[in-house]
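Biologist: I would like a close look at a single part of this protein. Please take one strand and its surroundings, and then add whatever else is worth describing.

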Amino acid sequence: MPIQAVARLRHAVSRQQRDRVPGVSATRAHGPAVLRARTRHVPEDFIVEELDAFAASGSGEHLLLKIRKRGMNTAWAATRIARWAGVAESAIGHAGLKDRHAQTVQRFSVWLPKRVAPPLESLQAEDFEVLAADWHSRKLPRGALAGNRFVLLLREVRGARDAIEARLQAIAARGVPNVFGEQRFGRQGGNVAKALAMFDGRRVRRDQRGILLSAARSQLFNQVLAARIDAGCWDRPLDGEIWILDGSHSMFGPEPFDDALAARLAAFDIHPTGPMWGRGGLRSNDAAAALELAATSDATALALRTGLEAAGLRQERRSLRLPVRDLRWDWQEASVLRLGFALPPGSYATAVLAELGEMTEPDGSGTVGVDEND
């Protein structure tokens with residue numbers, strides 16, 4: 001690799017480590033902010049609908065419910081369904097997590113071995129509507145969705161309309177960095193510190209262990225992604241790149257970058273990847289591996305790496321680039337912008353909003369909430 005390119009990567013890593021905020025890149029991939037706006041003024045300002053990965057089989061012992069809910073997170077909805085059905089919460093399945101500061105449509109499964117359910121009318125409420133019900137052969141597992149479709153309303157928009165629309169066109173053409181959102185890291189980013197304490201011997205509840213391991217991995221991934229944003233290669237290859245096929249977990253590489261790979265990259269058929277840390281060596285090599293190791297070489301990152309390896313997690317990879325499908329927008333008023341788009345599983349709508357500019361809640365706080373498609 002040319003000496004100038006190596007120096008540029010090292011500069012990007014040092015800048016990223018100096019400016020790092022937990023879970024957030026210091027640099028927008030598409031340039032400086034083009035707007036400021038308020039979001040989530042009411043739940044209908046943030047509409048999320050799961051894209052089903054399969055149709056109900058029509059038979060079996062699991063009642064598959066499609067629910068529209070308002071101002072209610074997934075855990076509370078699952079509890080409500082369990083009480084309605086008279087079953088344990090372990091009998092309820094769902095594919096993803098949805099925030100309570102939204103209007104959401106998602107599916108739940110209820111295991112009813114005798115195929116007897118209370119009247120659906122008794123589950124209906126002003127904030128909880130059953131849209132469809134059918135029998136299915138298996139419990140709905142986590143991650144069993146094709147993605148999410150979002151309709152977001154941004155209010156009190158400040159910024160030049162031409163610049164905002166140019167940025168939206170760039171996002172549609174190139175996608176956005178596949179960053180883990182702030183919500184992945186808990187209140188004020190505290191989950192990373194809790195993960196370090198857990199790795200140092202502090203006991204945590206079993207249900208918290210997975211959350212803290214995820215936060216630790218996500219922090220390291222975001223550091224690598226931030227370094228690649230600063231180096232201008234978050235959606236472009238480095239020597240030693242590992243590629244992931246769009247819409248799957250299949251990967252290949254490293255291999256020389258040629259015209260065929262360039263065409264697939266431009267068509268969003270493949271994406272460059274970053275590490276989800278665990279045991280074993282990095283699958284990448286050359287410049288890609290050098291950047292990944294340099295971006296995770298500070299003391300905190302080394303402690304996270306050691307803890308994740310000791311916890312038994314395996315090295316995995318995640319796409320660095322997030323395609324934003326079917327991106328549309330229209331101006332409801334001079335200062336009210338409506339956005340619509342679809343994202344694949346495991347991604348965050350806040351990654352799209354971050355590339356536009358600064359978003360605040362009605363109380364003045366930054367945008368928060370779970371909009372992950374896991």
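Modeller: What follows starts with one strand, moves to the aromatic rings and ends with a helix. The model is a predicted one.

The strand is β15, residues 336-343. Of its 8 residues, 7 are buried, so the strand counts as mostly covered by the cut-off of under 20% relative accessible area.

β15 pairs with β14, which covers residues 325-333, in the antiparallel sense and over 6 bridges. One of the bridge partners here is Gly340 of β15, matched with Arg328. A hairpin of 2 residues connects β14 to β15.

β15 also pairs with β7, residues 145-158. These two strands run antiparallel as well, and 7 bridges join them. Leu339 in β15 is the bridge partner of Leu152. As a general point, side chains in a regular strand alternate between the two faces of the sheet.

Next, the aromatic rings. The model has 5 aromatic pairs. Among them is Phe46 with Phe150, an edge-to-face pair with 6.2 Å between centres and 80° between planes. The pair links distant parts of the chain, since Phe46 is in strand β2 (residues 46-52) and Phe150 is in β7, 104 residues apart. Phe46 and Phe150 are both buried. Together with Phe341, Phe46 and Phe150 make up one aromatic cluster. Arg40 sits over the face of Phe46, 3.7 Å from the ring centre. A similar arrangement involves Arg321, which lies over the face of Phe268 at 3.9 Å from the ring centre.

Last, the helix α2, which has 12 residues, 74-85. At 1.5 Å a residue, the helix should span 16 Å, and its end C-alpha atoms are 16 Å apart, so the expected and modelled spans agree. At the N-terminal end, Asn73 acts as a cap, with a side-chain oxygen 3.3 Å from the backbone nitrogen of Ala75. After α2 comes Gly86, whose phi is positive, near 70°.

The buried residues of α2 are Thr74, Ala77, Ala78, Thr79, Ile81, Ala82, Trp84 and Ala85. These buried residues pack against four strands: β3 (62-70), β4 (92-94), β5 (103-111) and β6 (128-136).

To return to the strand you asked about, β15 is mostly covered, with β14 joined to it through a hairpin and β7 paired to it by 7 bridges.

Terms used:
Residues numbered from 1 in each chain as written. Heavy atoms only, no water. Buried < 20%, exposed > 50% of the residue type's maximum accessible area, 1.4 Å probe, protein only. Pairing = 2+ DSSP bridges. Expected span 1.5 Å × (residues − 1). Contact = heavy atoms within 4.5 Å. Polar contact = N/O pair within 3.5 Å; in protein donor to acceptor, adjacent residues only side chain to side chain. Phe/Tyr/Trp six-rings, centres within 6.5 Å; stacked < 30°, edge-to-face > 60°. Lys NZ or Arg CZ within 6 Å of the ring centre and 35° of its normal.
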